[in-house]
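Here is a short set of questions and answers on one model. Look at the fold before reading on.

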Amino acid sequence: MPAVGRMAADGSGSAGETGTGLAVRFTVFTLAVLIARRMRGGARWARVALGTASMVVQPPAYLTDGGSLAQTLSRAGALDLAFAGSRIVHVAAVLAAVALMFRPAAGTWFRRAG
């Protein structure tokens, strides 16, 4: 489970810590939306940036949070497993989207729009 969710669930985080975590996530999601809008407008750099940025940082950090993958799974509760499932779906969707963005029809769109 991400740190902000964990702090909210068990009440361990202060209001400042929770607020900081939410501010960071809000910033990241805002940037993702802005990049997606640029991609829709034909910016070639945006299709690579959007597809790869979401996979580079968070998943490896989550899997190694506090030890090995086996240790992480042995401590996982229902909420942790739900989060992991949503992360797997997210990564699969990003990989599919990146593949689709480089199909010939997408290339034609970006050449025409850009």
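Q: Which residues of α7 are buried?
A: The model is predicted. Burial here requires under 20% relative accessible area. In α7, the residues that count as buried are Ala-106, Gly-107 and Phe-110.

Q: Within what arc do the buried residues of α7 fall, seen down the helix axis?
A: The buried residues of α7 line one face of the helix. This follows because, viewed down the axis, they fall within an arc of 100°.

Q: Which exposed residues does the face of α7 turned away from its buried side carry?
A: Exposed means over 50% relative accessible area. On the α7 face turned away from the buried side, the residues in that class are Pro-104, Ala-105, Arg-111 and Arg-112.

Q: Which element of the protein chain has the highest mean pLDDT, and which the lowest?
A: The protein chain has a mean pLDDT of 76. Residues that reach 70 or more make up 74% of the chain. Among its elements, the highest mean, 83, belongs to helix α7 (residues 104-113), and the lowest, 62, to helix α4 (residues 58-63).

Q: How many helices and strands does the secondary structure of the protein chain come to?
A: Along the sequence, the pattern reads α-α-α-α-α-α-α. The count is seven helices and zero strands.

Q: Is Val-28 buried, partly exposed or exposed?
A: Val-28 sits in helix α2 (residues 15-40). Its relative accessibility is 48%. The partly exposed class lies between the 20% and 50% cut-offs, so Val-28 counts as partly exposed.

Q: Which residues form a nonpolar patch on the surface with Val-28?
A: The patch has about 300 Å² of accessible area in total. Val-28 shares it with Val-24 and Phe-29.

Q: What share of the area exposed by the protein chain do carbon and sulfur atoms supply?
A: Buried residues make up 19% of the 114 residues in the chain. The chain exposes about 7600 Å². Of that area, carbon and sulfur atoms supply 71%.

Terms used
Residues numbered from 1 in each chain as written. Predicted model: local features only at pLDDT ≥ 70, side-chain atom pairs only at ≥ 80, totals over all residues. Heavy atoms only, no water. Patch = residues over 30% accessible without salt bridge, like charges linked within 9 Å, V, L, I, M, F, W, Y side chains within 5 Å. Areas by Shrake-Rupley, 256 points an atom, 1.4 Å probe, with all protein chains shown as cover. Salt bridge = Lys/Arg side-chain N within 4 Å of Asp/Glu carboxyl O. Helix = DSSP H or I, 4+ residues; strand = E, 2+ residues; numbered from the N terminus. Buried < 20%, exposed > 50% of the residue type's maximum accessible area, 1.4 Å probe, protein only. pLDDT = per-residue confidence, 0-100. Arc of directions from axis to C-beta.
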